[in-house]
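Reader: Got a minute to go through this one with me? Let's put it on screen.

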Amino acid sequence: MNKQKMSMNCPFADLPVELLFHIFKNLNNIDILYSLSGVNQKFDMIIFCDRRLSEYIDLTMDSLNETSHSRTNFLHRFISTILPKICTQIECFRIPGHISEKIIENNSYINLHKLDLINVSYSLISRIFNGILISQREN
């Protein structure tokens, strides 16, 4: 008996939005934002408008499964192109100390309720809580 192989041509981008949301529920939000940002207008609309993808952002190295070089490239792209588009939707943010200053001073987080700073220097914490970083951004 000959079995014929069925070729299914169903590009990911052509899936209905509801199905994409269902798929996204089972994936890491950082991976979704990074991988689909800039792919096409449909994905940009979905990932930048769906608050569920951007309300909790964890940029600590524990959450990133990348090599050191890849991590650097990843963080640069995420901070420069993705973060400005989602900063007003972030409610909980977990960031490592070595990039926290760049992240805090370059964006406005109007819905931020929780900020976890990992391995942060005392001087940076002092500047953050004394409003120096925030007031510099507003000037």
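Reader: Is Leu27 buried, partly exposed or exposed?

Author: Keep in mind this is a predicted model. Leu27 is partly exposed, because its relative accessible area is 48% and the partly exposed class runs between 20% and 50%.

Reader: Ok, and where does Leu27 lie?

Author: In the loop between α1 (17-24) and α2 (29-36).

Reader: How far apart are Leu27 and Leu53 in space?

Author: 9.9 Å, C-alpha to C-alpha, with their positions 26 residues apart in sequence.

Reader: Switching to Ser54: which helix is it in?

Author: Ser54 belongs to helix α4, residues 51-54.

Reader: And is Ser54 buried or exposed?

Author: Buried: its relative accessibility is 0%, and the cut-off for that class is under 20%.

Reader: What does the side chain of Ser54 make a polar contact with?

Author: The side chain of Gln89, at 2.5 Å. If you skip neighbours within four places in sequence, Ser54 is in contact with Ile86, Gln89, Ile90 and Glu91.

Reader: New topic, the strands. How many bridges join β2 to β3?

Author: 5 bridges, and the two strands run parallel; β2 covers residues 92-96 and β3 covers 114-118.

Reader: How does the chain cross from β2 to β3?

Author: Through helix α6, residues 97-106, in a β-α-β crossover that is right-handed.

Reader: Which residue in β3 is the bridge partner of Phe93?

Author: That's Leu115.

Terms used. Residues are numbered from 1 along each chain as its sequence is written. This is a predicted model: local features need pLDDT of at least 70, side-chain atom pairs count only at pLDDT 80 or more; totals for chains, interfaces and linings use all residues. Side-chain values use heavy atoms; hydrogens and water are left out. Two strands pair if DSSP finds at least two bridges between them. Helices (H or I, at least four residues) and strands (E, at least two) are DSSP runs, numbered from the N terminus. A crossover is right-handed if, with the strands pointing away from the viewer, the path from the first strand over the helix to the second runs clockwise. Buried means under 20% relative accessible area, exposed over 50%, partly exposed in between (1.4 Å probe, protein chains only). A polar contact is a pair of N or O atoms within 3.5 Å; within protein, one must be able to donate a hydrogen and the other to accept it, and residues adjacent in sequence count only if both atoms are side-chain atoms. Contact means heavy atoms within 4.5 Å.
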